[in-house]
Amino acid sequence: MSTEERERVMAEMASYDGLAFEPSVGIFGLDVERGELFDVRSLPVSALTGGMTTINVLHKNIWTKNYFRAKAKGLEDSIYYTDYTQIPRGRIFYSPSLKTFSVKVGHWIEDYREMLTPLIEDEFNLTAFEYDIDEHWDIGHGWSEHNFNIDVKA
């Protein structure tokens, strides 16, 4: 996509009235069986401050909270009793300098791109983005015990 096209798309996205239509960054999990996103946390691009390029929320923290919630409710068949790294998940970043969105995912995207793309477009109000495949987002990978912080600045 050309720079002019990206600027046109961003201007079109910005022209919608209200935050409900504003493009967002954030995190998500993909429920493959249901064909839907879950554990979505998002932040409108206009709310990014101090050089932030994504939301400052970790999948692991959301998963842990939901695990204890499921445990307290006695939901023994809850998905949250599994390791969060065993679920397809990703993160949307925004590049202010390029005015582009990048969806960080693992190699699992090769099997689920067709399912995921319209879900991302709808949930995060994006009309243009690129997938960026990284080992961190692969099934079975995540933050080590010594690395809980994510660099959310450009």
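How many aromatic pairs does the structure hold? The count is seven. The model is predicted, not experimental in origin.

**Overall architecture**

The chain contains three helices and five strands. In sequence order these elements follow the pattern α-β-β-α-β-β-α-β. The chain has 154 residues, and 42% of them count as buried. Its exposed surface comes to about 9,000 Å², with carbon and sulfur atoms supplying 50% of that area. Among contacts with a separation of 6 or more, 68% join residues that are 24 or more positions apart.

**Aromatic residues**

Phe38, Trp63 and Tyr80 form one aromatic cluster. A further aromatic residue, Phe93, has a charged side chain over its ring: Lys104 lies over the face of Phe93, at 5.4 Å from the ring centre.

**Salt bridges**

Side chains of opposite charge can pair when their charged atoms come close. In this model the count of salt bridges is three, and they are listed below with the N to O distance.

| Acidic residue | Basic residue | N to O distance |
|---|---|---|
| Asp31 | Arg34 | 3.9 Å |
| Glu36 | Arg34 | 3.8 Å |
| Asp132 | Lys104 | 2.5 Å |

Asp31, Arg34 and Glu36 are linked in a network of salt bridges. Arg34 takes part in the bridge to Asp31 and in the bridge to Glu36. The cut-off for a salt bridge is 4 Å, and the distances of 3.9 Å for Asp31 and Arg34 and 3.8 Å for Glu36 and Arg34 fall within it.

Is each member of this network buried, partly exposed or exposed? Asp31 has 18% relative accessibility and so counts as buried, the cut-off being under 20%. Arg34 is exposed, with a relative accessible area of 64%. Glu36, at 34% relative accessibility, counts as partly exposed.

The remaining bridge joins the side chains of Asp132 and Lys104, with 2.5 Å from N to O. Asp132 lies in strand 5 (residues 130-133) and Lys104 in strand 4 (residues 100-105), so this pair ties together parts that are 28 residues apart in sequence. Asp132 is partly exposed, at 29% relative accessibility.

Lys104 therefore appears in two of the interactions described here: the salt bridge with Asp132 and the placement over the face of Phe93.

How values were computed: Residues numbered from 1 in each chain as written. Predicted model: local features only at pLDDT ≥ 70, side-chain atom pairs only at ≥ 80, totals over all residues. Heavy atoms only, no water. Phe/Tyr/Trp six-rings, centres within 6.5 Å; stacked < 30°, edge-to-face > 60°. Lys NZ or Arg CZ within 6 Å of the ring centre and 35° of its normal. Helix = DSSP H or I, 4+ residues; strand = E, 2+ residues; numbered from the N terminus. Buried < 20%, exposed > 50% of the residue type's maximum accessible area, 1.4 Å probe, protein only. Contact = heavy atoms within 4.5 Å. Areas by Shrake-Rupley, 256 points an atom, 1.4 Å probe, with all protein chains shown as cover.
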